[in-house]
Amino acid sequence: MPSVGVQLYSVFFKLLLKHRLQNQAQVADHDAGQGVTSRSGSGSVPANAAFVDGIATKDIHIDALTNLSIRIFLPESSLSPEPVSKQSPTGLKDAGVGSDRRTEELDTDRSFRRSSYGGAISTSHGEGNRRSSYGGIGEKERGSMNERLRNGVETTGYITQKDDFQPNGGTRLGLDDRGVETVRSRSGADAGKEKRVEAGNYKGYLPKNVESFNRRLPIIFQFHGGGFVAGSKDSSANDFFCRRLAKVCDAIVIAVGYRLAPENKFPAAFDDGFKAVQWLAKQANLAECNKSFSHVPKGYLRNDLDVYRADSHREILDTFGASLVEPWLAAHGDPSRCVLLGVSSGANIADYVARKTVQAGKFLDPVKVVAQVLMYPFFIGTVPTHSEIKLANSYFYDKATCLLAWKLFLPEGDFNLDHVAANPLIPGREPPLKLMPPTLTIVAELDWMKDRAIAYSEALRKVNIDAPVLEYKDAVHEFATLDMLVKSRQAEVCAEDMAIWIKKYISIKGHEFSY
């Protein structure tokens, strides 16, 4: 049984949630042109592009028409140079680093969950030449400019010159990765002194381009919970969960801020999830195009004037695409190793996006979804399961409240508990289950939705899909992501268990992480 504190909090949580849903049901639908992605009073954590506690975050609006936005969580481990001894033939480091937990801790933690395999988890052990839209410059660009500075070639558009100090009157010593120029004065009172001239005021992390030594990390798309009507990508609980996920998985996490109901009913949230994956594919292709512009064909350059002209043309192209290419993902993301992770109602979105990526096939290249994680999915159906009957009045999210959320989410006149968004086991769904990616399902012992999630996992295993189930003892719905429970030991263990399984599929070939 949960603690007394959790039980009391659950009572107030259900009352408040039911009150909010009833109020939203009474309000007429708004224009869906500008989507609602968060609720007032939910509390949010601002993004910080500098590394805080090992993670840097950044918010990006990727669709102005629907207000679709994402938050990128970049772990500081991405800045580590590639150890030559651990590099794969592709120059990528093994992402499947073992856990630091002690053996006795593992033995204790196994009591928290049960595995569908009959026991606990076994733990055997580019960015190119371009100017950034954030005020800094890339490694190659800086090198090119340094060469031109030494040759006396004038450059514009990068350096903000101070009125009290003219770089033209001194010796330019070069630029660092933040676009700051060091200049030594030749004459006057400041003769021989070095001064630094900043080229921008962006205070966050701006990646360098170290090509073969650039560390590429897998990417995890995270879809928050909230019954399609609440929650946000930047809530305090979701921010904490995504930070933890980025650390334990050693991966870039993209939290998707999809549109909420009732302002935006089905399929708005599902379309937003797939649109985020399409955006990543576009980013990857833009980054590759950007790299191609940075290389001038051999024999094209004949003298210094041609060097300057080539650089000028490249700068024009880079300026045109600077705001299009996301520098963090271009420098550190590996779109060929993507994982979809959904929490509660977000798990329904993740499963839908997985199906869409299978159907899209090569149209999403180079994005490859290698696995998905469904955390206590928000599945339901017309025929009730045993847990839906026995645990209908369970903690935090009881069945009556969730039915109200489904009524707010599904279109009027199309309310059906066997809807494609609600029941993954209805016959005739495309694509066939045998084409689905490996799927890890997390369920809670005291969650009324667990039986249908387990049944879906069993259906995947019948067609030879790796689909384990981890059930956590005395756990409630959203036990690893709810604001009160996200910092609990059980939530921490769950994150570590997910990381063990995820690393099995995101590790580089030759460095697979077994479990």
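**Entry 1: Gly-227**

I began with Gly-227, which counts as buried at 4% relative accessibility, the cut-off for that word being under 20%. I note at the outset that this is a predicted model. Gly-227 sits in the loop between strand 7 (217-223) and helix 4 (236-249). I then looked for what lies around Gly-227 and, leaving out residues up to four places away in sequence, found that it touches Ser-345, Phe-378 and Ala-405. I also looked up Cys-402, which is 175 residues from Gly-227 along the chain, and the C-alpha atoms of the two are separated by 7.0 Å.

**Entry 2: the nonpolar core**

Next I turned to the largest nonpolar core, which has 113 residues, and asked which of them touch the most other members. They are Phe-221, Val-373, Met-375, Phe-409, Ile-442, Phe-479 and Met-498. Helix 5 (residues 268-293) gives the most to this core, with eight residues. In general, nonpolar side chains in soluble globular proteins tend to be buried together.

I followed Met-375 further and, setting aside its neighbours within four places in sequence, listed its contacts, among them Phe-241, Leu-341, Val-343, Ala-347, Ile-442, Cys-494 and Met-498. Met-375 also stands opposite Ile-442 in strand 11, which led me to that strand.

**Entry 3: strand 11 and its neighbours**

Is strand 11 (residues 439-444) enclosed or open? Six of its six residues are buried, so I record the strand as largely enclosed by the rest of the structure. Thr-439, Thr-441 and Val-443 point one way from strand 11, while Leu-440, Ile-442 and Ala-444 point the other way, and all are buried.

Strand 11 pairs in the parallel sense with strand 10 (residues 369-375) over four bridges, and it pairs, also in the parallel sense and over four bridges, with strand 12 (residues 469-472). On the strand 12 side, Val-443 has Glu-471 as its bridge partner. Between strand 11 and strand 12 the chain passes through helix 11 (residues 450-462), and I noted this β-α-β crossover as right-handed.

**Entry 4: salt bridges**

I counted 19 salt bridges, and looked at several of them one by one. Glu-471, already noted as the partner of Val-443, has its side chain in a salt bridge with that of Lys-450, at 3.2 Å from N to O. Lys-450 lies in helix 11 and Glu-471 in strand 12, so this pair ties together parts that are 21 residues apart in sequence. Lys-450 counts as buried at 14% relative accessibility, and Glu-471 counts as buried at 12%.

A second buried pair is Lys-233 and Asp-234, whose salt bridge has its closest N and O atoms 3.9 Å apart.

For Arg-489 and Glu-492 the closest N and O atoms of the salt bridge are 3.1 Å apart. These two are three residues apart in helix 12 (residues 489-506), and are therefore separated by about one helical turn. Arg-489 is partly exposed, with a relative accessible area of 31%, and Glu-492 is partly exposed at 32% relative accessibility. I also found one network, in which salt bridges that share partners join Asp-59, Arg-71, Asp-239 and Arg-243.

**Entry 5: helix 8**

I checked the length of helix 8 (residues 345-360): at 1.5 Å a residue its 16 residues should span 22 Å, and its end C-alpha atoms are 23 Å apart, which agrees. Helix 8 is mostly covered, with 13 of its 16 residues buried. Just after helix 8, Gly-361 takes a positive phi of about 60°.

**Entry 6: backbone exceptions**

Most residues other than glycine have a negative phi, and most peptide bonds are trans, so I looked for exceptions to both. A cis peptide bond joins Ala-261 and Pro-262, with omega about 5°, and a cis peptide bond joins Phe-266 and Pro-267, with omega about 10°. Pro-262 lies in the loop between strand 8 (252-257) and helix 5, and Pro-267 is found in the loop between strand 8 and helix 5 as well.

Asp-53, although not a glycine, has a positive phi of about 55°, and lies in the loop between helix 1 (4-26) and strand 1 (55-63). Asp-250, also not a glycine, has a positive phi of about 50°, and is found in the loop between helix 4 and strand 8. Are these two residues buried or exposed? Asp-53 counts as exposed at 59% relative accessibility, whereas Asp-250 counts as buried at 9%.

Definitions and conventions. Residues numbered from 1 in each chain as written. Predicted model: local features only at pLDDT ≥ 70, side-chain atom pairs only at ≥ 80, totals over all residues. Heavy atoms only, no water. Core = buried A, V, L, I, M, F, W, Y, C linked by side-chain atoms within 4.5 Å. Buried < 20%, exposed > 50% of the residue type's maximum accessible area, 1.4 Å probe, protein only. Contact = heavy atoms within 4.5 Å. Pairing = 2+ DSSP bridges. Right-handed = clockwise from strand over helix to strand, strands pointing away. Expected span 1.5 Å × (residues − 1). Salt bridge = Lys/Arg side-chain N within 4 Å of Asp/Glu carboxyl O.
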